[in-house]
Amino acid sequence: GAGQVGQNTYRQLKGFGFHVVLWVDKNYKLYQRKGLPVVSPDEIFNQEYDVVFIAVNEEDLADKISRELSERGISSDRHIWKKPMRV
């Protein structure tokens, strides 16, 4: 996701030196207009990656996204979600 949680997660991952292969969101065009390097979720199928991190706050939404990924053929052991922590 590229909402607030996704933006914070992206900054933190980059800050810790992680290589972010793709940052995706269904509303990617909105975020691209804001200058963020967000692409369509369909791009997942054109890249090699280790894991899909679901960067959203709500567990229900994370479950929905996880189901969608599974339905599209991405094994459930390749996508993860953890409740974001505020520190």
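## A walk through the predicted chain

Start with the cartoon view: the chain's secondary structure comes to three helices and two strands (DSSP runs, H or I of at least four residues for helices and E of at least two for strands, numbered from the N terminus). Trace the chain from the N terminus and the elements run α-α-β-α-β. The radius of gyration is 12 Å, close to the 12 Å that the globule rule gives for 87 residues, so the chain is as compact as a globular protein of that length. (The radius is taken over C-alpha atoms, and the rule is 2.2 Å times the number of residues to the power 0.38.)

Before you click further: this is a predicted model, where local features need pLDDT of at least 70 and side-chain atom pairs count only at pLDDT 80 or more, while totals for chains, interfaces and linings use all residues. Residues are numbered from 1 along each chain as its sequence is written, and side-chain values use heavy atoms, with hydrogens and water left out.

**The whole chain.** Draw a box along the principal axes and the C-alpha atoms fill roughly 30 × 30 × 25 Å. Switch on the surface next: its accessible area is about 6,500 Å², with 50% belonging to carbon and sulfur atoms (Shrake-Rupley, 1.4 Å probe). Of the 87 residues, 24% count as buried, where buried means under 20% relative accessible area, exposed over 50%, and partly exposed in between (1.4 Å probe, protein chains only). Among contacts with a separation of 6 or more, residues 24 or more positions apart account for 45%; contact here means heavy atoms within 4.5 Å.

**The core.** Now select Val24, Ile44, Tyr49, Val52, Ile54, Val56, Ala62, Leu69 and Ile74 as sticks: these nine residues make up the largest nonpolar core. (Such a core is a set of buried Ala, Val, Leu, Ile, Met, Phe, Trp, Tyr and Cys residues joined through side-chain atoms within 4.5 Å.)

Zoom in on Ile44, in the loop between helix 2 and strand 1 (52-53). Is Ile44 buried or exposed? Ile44 is buried, because its relative accessible area is 8%. Leaving out residues up to four places away in sequence, Ile44 touches Leu22, Val24, Tyr49, Leu69 and Ile74. Pull a distance to Trp23, 21 residues apart from Ile44 along the chain, and the C-alpha atoms are separated by 9.3 Å.

Hop to Val52. With residues up to four places away again set aside, Val52 touches Leu69, Arg78, His79 and Ile80.

**Out to the surface.** Go back to the loop between helix 2 and strand 1 and pick Asn46. Asn46 counts as exposed, because its relative accessibility is 54%.

Next comes Lys29, in helix 2 (residues 28-33). Lys29 is exposed as well, with a relative accessible area of 51%. Which distance separates the C-alpha atoms of Lys29 and Val39? They are separated by 7.6 Å, with the two residues 10 apart along the chain.

Last stop: Arg67, in helix 3 (residues 59-71). Arg67 is partly exposed at 48% relative accessible area. Its C-alpha atom and that of Tyr28, 39 residues apart along the chain, are separated by 20 Å.
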